[in-house]
Amino acid sequence: MRLTVDQLAPFGADGGLIHFVDTAFSGDDPERVGVAVSGGGDSMALLHAAKCRADMAGTFLEAATVNHGLRPEAATEAAMVAQYCAAHGIPHATLLWDGAGAEGNIAAAGREARYRLIAAWAKSRGIGGVLLGHTKDDIAETFLMRLARKSGVDGLSMMSPRFERNGVEWSRPFWQQSRADLRDYLRRHDVPWVDDPTNEDMSYERPKARKILKELAPIGVTTDVVTSVAMSMHSASSALQYYAREEAQRSVSIDHGDVVITRNAETYVPVEVERRIWVAALRYLSGDAYAPRTTALDELTYGLSRVGKHTLSGCIVTQDDKSIRFSREHNAVRETTCPPNEVWDGRWMIEGPDRPGLCVRALGESLKDVPDWRDVSVPRASLMSSPAVFDGETLISAPVAGLHNGFDARIVTDFSSFLLSR
């Protein structure tokens, strides 16, 4: 049940922030709500407003902080949040991630780890929705950062106020609020917060974007203006997403795990819609959370036009006059294993007799031990990357290739969900 005007009135102007928290989730409100709290000003303001709302609404509120281990101060910041929560009767958990051991894009790895850890925590606590403290400053800064990377419509689109990820509902109730206004709110209520020193370190992208925004203000390019453009891009992205889903229903089929896009010379498909389907196919097969960079997609287009074949994101893409086929690359899954009756490579479930010692892994060169695999009429490379059941080095079953022996294979992941923008 939503809070009434009379309940919010005693908070004066601050009642607006509590109202945004109160309406953070569509439909029925979760009985238990979580807040992701780093200790920074934005998340501490969200925690305080969420606590006010929970007290009036009679709902349960819990908080979680991810200690990423990337800075010495991280543990102290998590302890500060824990101390504040203890003083205000808010159950709190500190979730640990060894960021120091991460490789590649540390920022992206950290983001994925935070969502994964907080989602697991929320599920374990019966929490129906998690609040995030992103503001319109975050939207504007992210827009500039992605602009520098030559991002397209999706990249320049504002972050979604509500979304689902890792099986959890998330909401950003303060996406229309400024960072400065939230700091004023904290001062009025005497709420502590910590400033991340990396926010002033110009070796990072976000502080640079923050500085550039200030320098652009004299010509009218303000945070509000950039946020408005990001909102427009979000609307355009939603429209393109709709038409991509419509086109996918017409032209996409799943053939023994491969994604096959039928080509029709008489039907015009806009390049952007076609690329969205390609990206969905690549993510569906690879399990990647995000689309390949634009340059990588350009190379895919060039490779297909020249030789009719290209590899990208652990996938083999081939084309002929009638279709484009996206297949899993064997090298990408040759080390992927699991027991039968569990999900293999993010998509496949192999079901059959429960015998100790059995293992599901890619069929690979053991395809030669499948007598009638050519009758399946699927490319050899696709069958090599399909799941098979082994007892040690002995092939027991290769259901996708036609060798069952009491086992069956089925896809448990919906392709259409990968047409959604991330």
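Asp 345, at 16% relative accessibility, counts as buried, a class that means under 20% relative accessible area, with exposed over 50% and partly exposed in between (1.4 Å probe, protein chains only). Its partner Arg 328 has 8% relative accessibility and is therefore buried as well. The side chains of Asp 345 and Arg 328 meet in a salt bridge, 2.9 Å from N to O; the term denotes a side-chain nitrogen of Lys or Arg within 4 Å of a carboxyl oxygen of Asp or Glu. Asp 345 lies in the loop between β12 (343-344) and β13 (348-351), whereas Arg 328 belongs to strand β11 (residues 323-328), so the pair ties together parts that are 17 residues apart in sequence. Helices (H or I, at least four residues) and strands (E, at least two) are DSSP runs, numbered from the N terminus.

The model is a predicted one, in which local features need pLDDT of at least 70 and side-chain atom pairs count only at pLDDT 80 or more, while totals for chains, interfaces and linings use all residues. Residues are numbered from 1 along each chain as its sequence is written, and side-chain values use heavy atoms, with hydrogens and water left out.

The chain holds 14 helices and 17 strands. Its C-alpha atoms fill a box of roughly 75 × 55 × 40 Å along the principal axes. Of its 422 residues, 47% count as buried. Contacts, defined by heavy atoms within 4.5 Å, reach far along the sequence: among those with a separation of 6 or more, 68% join residues 24 or more positions apart.

A nonpolar core is a set of buried Ala, Val, Leu, Ile, Met, Phe, Trp, Tyr and Cys residues joined through side-chain atoms within 4.5 Å. The largest has 31 residues, and those with the most contacts inside it are Val 35, Met 44, Leu 47, Leu 61, Leu 131 and Phe 174. Elements that each supply at least two of its residues include α2 (15-22), β1 (32-36), β2 (60-67) and α8 (179-188). Helix α3 gives the largest share, eight residues. Leu 131 touches, among others more than four places away in sequence, Val 21, Phe 25, Val 33, Val 35, Leu 46 and Pro 173.

Helices α2 and α3 are also linked by charge. Side chains of opposite charge can pair when their charged atoms come close. Asp 22 and Arg 53 form a salt bridge (2.9 Å, N to O); Asp 22 lies in α2 and Arg 53 in α3, so this pair ties together parts that are 31 residues apart in sequence. Asp 22 is buried at 3% relative accessibility, and Arg 53 is buried at 6%.

In the salt bridge between Asp 138 and Arg 206, the closest N and O atoms are 4.0 Å apart. Asp 138 lies in helix α6 (residues 136-148) and Arg 206 in helix α9 (residues 205-216), so parts 68 residues apart in sequence are tied together. Asp 138 is buried at 10% relative accessibility, while Arg 206 is partly exposed at 24%. Salt bridges that share partners join both residues with Asp 42, Glu 141, Arg 179, Arg 183 and Arg 210 into one network. The whole structure has 28 salt bridges.
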